[in-house]
Amino acid sequence: MLVQELKCFGVEAGEGNPALVVQDGPVGEAARQAFARERTIAACVFIDGDVLDYYYPHMRSPLCLHATLAAARVLFARQGSDRPIRVTTALKGQPLMLTCSGDDVFIALERQAVETVAPAADVVAELLASPGLVPESAPVVASVGSAKLLVELKDRAVLQGLRPDLARIVAWGKANGVNGIYAYCRLGDGLYEGRNFNHLEPAREDRATGVAAGALTALLGRGISLYQADRRCLIRTRMEGDAILVGGRA
């Protein structure tokens with residue numbers, strides 16, 4: 001078994017959201033979930049040929065873009081060139097195109113249909129444990145492979161001041177097929193900042209959430225630059241026709 005740790009979307013060297021890339025690892029969902037649970041790292045991705053299988057410590061995921069970014073670096077190194085690589089996801093068979101652009105890796109994907117309707121603003125305020133909170137725009141559920149409830153807030157102070165009800169968010173997400181809440185605010189000039197809430201433990205809050213950046217890009221209809229983790233992580237996106245490209249350093 002070959003296990004490599006990479007940090008993804010970091011603004012500076014050594015920063016970013018960590019992921020474990022596992023080759024020739026355990027086989028089967030139970031064994032892989034046990035492997036991920038024993039680690040304290042944000043995500044594990046198992047490479048099976050051209051198929052990527054994603055696990056968080058608490059659940060299997062249909063898609064994790066920072067783990068995909070890490071796997072891409074491993075696959076490009078194994079290939080020995082920057083020629084684009086096609087992969088698919090294990091859980092839903094979603095096709096992904098991996099490309100290199102200088103120091104960045106980009107993942108091309110498309111907006112996915114969702115059936116879940118976003119809850120009313122007062123329900124969102126309860127989930128975020130912020131009575132009286134009024135989002136800046138109507139909350140929306142959007143997806144590029146792992147659905148997020150997108151909630152726009154007034155400014156960075158409100159965003160960073162959130163102390164949400166994580167257990168309630170996780171329960172709502174399981175009941176509605178949504179992978180947590182992504183709260184964000186506008187910084188101006190195409191810059192945004194966000195926080196992702198889909199873990200039960202505050203210490204496990206995501207440092208960078210590529211699927212949320214992709215979902216937000218799909219919602220806005222344009223490329224963005226998105227900060228997380230007190231601006232130590234940066235995700236860049238762009239649109240090429242119907243394709244949404246999500247990328248950054250790994």
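## Ring contacts and two unusual backbone angles

A229 is found in the loop between β13 (225-228) and β14 (233-240). This is a predicted model, and in it A229 has a positive phi of about 55° despite not being a glycine. Most residues other than glycine have a negative phi, so this loop makes a pleasant place to begin a tour. Is A229 buried or exposed? With a relative accessibility of 19%, A229 counts as buried, because the cut-off for that class is under 20%.

A second alanine deserves a look alongside it. A129 also is not a glycine, and its phi is positive, at about 55°. Its setting is the loop between α3 (121-127) and β9 (140-142). Here the relative accessible area is 42%, so A129 is partly exposed.

### Aromatic pairs

Let us turn to the side chains. How many aromatic pairs does a search of the whole structure find? The search gives 3. One of them joins F35 and F46 in an edge-to-face arrangement, with 5.7 Å from centre to centre and 70° between the planes. This pair links distant parts of the chain: F35 belongs to helix α1 (residues 29-38) and F46 to strand β3 (residues 43-48), with the two residues 11 apart. F35 is buried at 6% relative accessibility, and F46 is buried with a relative accessible area of 1%.

Another pair is made by Y184 and Y192, whose ring centres are 6.3 Å apart; their planes meet at 55°, so the pair is tilted. Are these two tyrosines buried or exposed? Both Y184 and Y192 are buried.

The F35 ring has further company. Ring pairs connect F35, F46 and Y55 into a cluster.

### Charges over rings

F35 appears once more in this part of the story, because the charged end of R39 lies within the cut-off of 6 Å from the ring centre. The table sets this contact beside a similar one, in which the charged end of R238 sits over the ring of F106.

| Charged residue | Ring | Distance from ring centre |
|---|---|---|
| R39 | F35 | 3.6 Å |
| R238 | F106 | 4.4 Å |

Taken together, F35 is a handy residue to select in your viewer: it pairs edge-to-face with F46, belongs to the cluster with F46 and Y55, and has the charged end of R39 over its ring. For the backbone, A129 and A229 are the residues to pick, with a positive phi in A129 and in A229.

Definitions and conventions: Residues are numbered from 1 along each chain as its sequence is written. This is a predicted model: local features need pLDDT of at least 70, side-chain atom pairs count only at pLDDT 80 or more; totals for chains, interfaces and linings use all residues. Side-chain values use heavy atoms; hydrogens and water are left out. Helices (H or I, at least four residues) and strands (E, at least two) are DSSP runs, numbered from the N terminus. Buried means under 20% relative accessible area, exposed over 50%, partly exposed in between (1.4 Å probe, protein chains only). Rings of Phe, Tyr and Trp (its six-membered ring) pair if their centres lie within 6.5 Å; planes under 30 degrees apart count as stacked, over 60 as edge-to-face and the rest as tilted. A charge sits over a ring if NZ of Lys or CZ of Arg is within 6 Å of the ring centre and within 35 degrees of the ring normal.
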